[in-house]
Structure formats: C-alpha cells, structure tokens
Amino acid sequence: MDEMPKLKMYIGGEWVEPSSGEYFETIDPFTAKPWALVARGNAEDADRAIRVAHKAFKEGPWGRMHPSERAKLIHRLGVLMEENADTLADVEVRDNGRLLAEMQHQIRYLPKWYYYYAGLADKIEGVVHPCDKPALSFSRHEPLGVCVGIVPWNAPLLLFSLKAAPALAAGNTIVMKPAEHTSATALKLMELVEAAGFPPGVINVVTGFGKEVGEPLVTHPLTRHVGFTGSTATGSHLYSLAAKDVKRVSLELGGKSPNIVFGDADLNNAVRGVVGGIFGATGQTCIAGSRLLVHRSIHDEFVEKLAAFTKSARVGDPRNVQTQIGPIANRMQYERVLGYVDIARQEGAELILGGKRPDLDECATGFFVEPTIFAGVNNDMRIAREEVFGPVLSTIAFDEVEEAVAIANDSEFGLAAGIWTSDMKRALLMSERLDAGSVWINTYRDISYTTPFGGYKKSGIGRENGVEGIREYLQTKAVWISTAEEIANPFVIG
C-alpha cells in the first residue's frame, strides 16, 4: 500500500509541520477510507499564523502596495485557478464526495470571484462631505487588518473564495481554517498562491479542529474580522467569542428554505428546479430547498412527477460523469441524515421515496443515502423546522397565497426561497413578503460573484459577493481639515 500524503500547513509563505507533530486522517466519502493525513493544528499554530499575517499587514510590502498592484496578484491567482481547475476539482471530489462534473463546473467559475474583486481593488473611493463647518471633510475606506475565515466541508474552495477574494482586494491579510474533514483543496490552492507571487504572510492556511485551532484564531487579540460559514449553533458560539473583543463578524449560517410551487407553474420545469434545489450536492447546501410547499390543486400530480423524476437519478461514484447523486461528505453527517429519516417516520410523515442506504456495487462502501421525499408533513414537525443538510425533502400542501407566505416565514431561518409560477405580479409580491436573503423565481440555487448573498434572522449577518461583499472587510475613517483662520472657542464643541 502506498504511503498516504502528508498535508502540512501554510504559514508565512512556508509549508510547516504542526507544532504538536500530530496528523489526522481525511476520509474519501465514496470509499469511507482514509486517503491523506492532515496537520493537526493547535493554539500555538494559530498564534503563529495570526502574528505572521499581522506583520505582513503592518510591515510587509502588501500594506504599502498600491491597490492596482494587489489587484494584479489577485487576478493572477484567478488565472492559475482557471489553468488548474481540473486538478483542484479532482482533489475536492476525493475529499468531500461532490460530483466531479459539478466541481469541474464550479471551480472553472470560481476565478471570476478573483477577477471581479481584483477589478474592485483600486476603485474603493472615499467621499467629500457637504460640511456645514469651516472645514473640508472627507472619508476614506481602509482595510481592517488580519481577517480569519472559517469554512465548512460542503463547498470548501467556493466558500474559501467568497471570503478570501474580497478580503484581499480590500487590502487585508488572511488566515483561513478549512473544515477538518476537507482541508486538501485549501492547501492545494496555496501552491497557486506561491506561484502567483503573493508576499509571505498575506494568505495563510491552518488546519485542525474547531476548539483546538478555530477558537484560538477567533479569540486572538490581533484578529480584526471573523468570517464564518456553517451551522447556526457554531456561528452563534463564535459570534459570542468575537464579541468579547468587539471584532467585526460576518456569518453565513443555516437554512430551511421553502420552495413554493403554485398551480399555474410549468410543472416539468418546477420538478427539475425542486430536484436541483434539494438533491443537488446531495442536499448538503445551506440554501437547499428542503421544504416543498405545493398548492393543493396540483399537489398529488406534482409529487408523483417529482418522485418519478427523482427515482431515475443515478447514485454512485462521484468521479463518474454519469453520476447525479454522490455520497454524504462524512460519517457524522451520514448518521445525522439517517437519524432525521427515523424522526420523520416517528412524527407521522409519509415516506414517498428513499429513506435508506441504496444498493450499490462493492466499491461504493462510503456514506450514501437515497434521495428521500416525505409527504404529509406539517410545519411543526422537526423535519420541517431543523436543518437536515442531506437529501431529504419535506412536502407541505397549501391552499392560499397567505397560507404559503405564513408557512414559508414560520421558521427561525431566512436564507433563501424559491417561487414557481407564471404570474409575475404574484411572484414579485411574494418576493417582497418572504423573509429570505435570496429569492429565486422560476429557478433555484443560482449564485454569482456580482450579487449579494446572505441571510435574514438566524441565517446570518452581513453579505458576501458583489460590492456589499467587500464592504464587510473595510472600515471608514473621517478626515477634517480646518479652513477657519482661528479656533473661535476651544471649550465649545460642535
């Protein structure tokens, strides 16, 4: 048996061993077998990375570099990602089990984030204020300093880029911690960071577990911003830790998103959209349309069409381009998903499709769950209220528009929603009334570097993507230049 590769951390432009000397296995979800060893970082490694990033920000060339020069490096990284997209996709699939066809498409699209924010880097402009004092007053937008990004296992490189590209364009330095289950692509990307020519310490990656390295990164006194994507419970915990030092925080958290189908919808198109919304990425997305609200007049017909279409989906090896549904990314999540299937049955939901491990060939020894559809769900059931994060759909019938809005908004989450109808007036009115940061009309799961993304309620704080995304990584300074000949009264302010 070949020796497994050892994945070191990347700190200060160097590949470094963890201070503990310890490594842990990362598992291939298709086979449920280890394929590489990942450095197990701790507080000492976190401290080293933050201090190196702080020094690069304060003393290195990055902080003195003109924004247009920083933009060239960011753009160069995008070019290298584009040139190495297939290699990055292969690593991502092996580490988290997403479909190769999907990852090739996604990673070929990712460079656009770097191109977009490279284009914004030298366009961060201040404002001259119409001041009512004898003074010239203007403001400027400045970087924060060291920004920590903590990203989950479901879309490692995408979520890395959503944080890294705007943070770098704003002039910050970054320390990224990928999920312990999926660290490989972040480290592979660092090879491209080296090739792009970034100064040492500007981009760093530390690996390991949340309490051992993630929390020390968040609580470090030199950390100025924390960007986190993951569960609401973990996000709330990190938010409380960051609040002790009044750090800036952006959070992209959980969802229980409604996908609402009206009687006048194009049913075939809606079926495809609903399937993509919940079974794409094996349901492991925060924006998964996990609650299907269907008008009662078409409920039975639609669910029958949906089940038939879903049943034809090919489950198996994510590296096979014919596969449409791959494995769950790790054992813990696999067991969680099956646990929710049992909970739904106990609550009285009607199992229409799936609900168990599929019968696959002997090579597919990993974490597979059949695409699962429940009908007869009411919005009080746990299956309709809690984020499953797997290929499990809860179907709820409704009669009136008001009822659909009430059910959709009756959730602690507010990340996304879908509307399927041919009545654009109704669709636009619905989009205004839904408590969701993203609303898709006759489509689902679209995302772009140009368009703000984030949640309402417990689905998060702040926005990623677009111009709003870079604002998360800037602070505003007001500057006053007096035009008065003398200070009239030094004891009077205002």
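**Exercise 1. Helix α5 and its surroundings**

Task: In this predicted model, find which residues of helix α5 are buried, and then work out how α5 is oriented against α6.

Solution:
- Step 1. Start with the range: α5 covers residues 100-109. Its buried residues are Leu100, Glu102, Met103, Gln104, Gln106 and Ile107.
- Step 2. Next, look at what lies over them. The cover includes α4 (85-96), α6 and α7 (156-169).
- Step 3. Take α6 from that group and compare axes. The axes of α5 and α6 cross at roughly 10° and come within 4 Å. Angles under 35 degrees count as roughly parallel, so α5 is roughly parallel to α6.
- Step 4. Now list the residues that touch. From α5 come Ile107, Arg108 and Tyr109, and from α6 come Pro111, Lys112 and Trp113.
- Step 5. Sort the contact residues by character: 4 are nonpolar, none is polar and 2 are charged.

**Exercise 2. An aromatic pair and its cluster**

Task: Trp113 forms an aromatic pair with Tyr449. Determine the geometry of the pair and which parts of the chain it ties together.

Solution:
- Step 1. For context, a search of the whole structure gives 13 aromatic pairs.
- Step 2. In the pair of Trp113 and Tyr449, the ring centres are 5.8 Å apart and the planes make an angle of 70°. Planes over 60 degrees apart count as edge-to-face, and this pair is edge-to-face.
- Step 3. Place the two residues. Trp113 sits in helix α6 (residues 111-121), while Tyr449 belongs to the loop between β20 (438-441) and β21 (456-457), so the pair ties together parts that are 336 residues apart in sequence.
- Step 4. Check the accessibility. Buried means under 20% relative accessible area. Trp113 has 0% relative accessibility, so it counts as buried; Tyr449, at 19%, counts as buried too.
- Step 5. Widen the view: ring pairs join Tyr109, Trp113, Tyr116, Tyr117 and Tyr449 into a cluster.

**Exercise 3. Two partners of helix α8**

Task: Describe how α8 packs against α3 and against α7.

Solution:
- Step 1. Begin with α3 (residues 67-83) and α8 (residues 184-196). Their axes lie 9 Å apart, and the packing angle is about 130°. That angle makes α3 oblique to α8.
- Step 2. Add the handedness: the crossing of α3 and α8 is right-handed.
- Step 3. Name the residues. On the α3 side are Leu73, Arg76, Leu77, Leu80 and Met81, meeting Leu189, Leu192, Val193, Ala195 and Ala196 of α8. This contact of α3 with α8 has 9 nonpolar residues, no polar ones and 1 charged.
- Step 4. Turn to α7 and α8, whose axes are 8 Å apart at an angle of about 55°. This makes α7 oblique to α8.
- Step 5. The crossing of α7 and α8 is right-handed. Pro156, Leu157 and Phe160 of α7 make the contact with Thr185, Ala186, Leu189 and Met190 of α8. In the contact of α7 with α8, 6 residues are nonpolar, 1 is polar and none is charged.
- Step 6. Compare the two residue lists: Leu189 of α8 appears in the contact with α3 and in the contact with α7.

**Exercise 4. Positive phi angles**

Task: For Phe389 and Asn442, give the phi value and decide whether each residue is buried or partly exposed.

Solution:
- Step 1. Phe389 has a positive phi, near 60°, although the residue is not glycine. Phe389 is located in the loop between α14 (382-385) and β17 (392-398). With a relative accessible area of 16%, Phe389 is buried.
- Step 2. Asn442 is another residue other than glycine with a positive phi, here near 55°. Its place is the loop between β20 and β21. Asn442 has 30% relative accessibility and therefore counts as partly exposed.

**Exercise 5. The setting of Ser139**

Task: Locate Ser139 and list its contacts, leaving aside neighbours within four places in sequence.

Solution:
- Step 1. Ser139 is part of strand β7 (residues 135-143).
- Step 2. With a relative accessible area of 7%, Ser139 is buried.
- Step 3. Setting aside the neighbours within four places in sequence, Ser139 contacts Gly126, Val127, His129, Thr476, Lys477 and Ala478.
- Step 4. For a longer distance, take Gly60: Ser139 and Gly60 are 79 residues apart along the chain, and 25 Å separates their C-alpha atoms.

Key: Residues numbered from 1 in each chain as written. Predicted model: local features only at pLDDT ≥ 70, side-chain atom pairs only at ≥ 80, totals over all residues. Heavy atoms only, no water. Axes fitted to C-alpha atoms, helices over the stretch in contact; angles between N-to-C directions. Parallel < 35°, antiparallel > 145°, perpendicular 65-115°, else oblique. Left-handed = near helix turned anticlockwise from the far one by under 90°. Contact = heavy atoms within 4.5 Å. Nonpolar A, V, L, I, M, F, W, Y, C, P; charged D, E, K, R; others polar. Phe/Tyr/Trp six-rings, centres within 6.5 Å; stacked < 30°, edge-to-face > 60°. Buried < 20%, exposed > 50% of the residue type's maximum accessible area, 1.4 Å probe, protein only.
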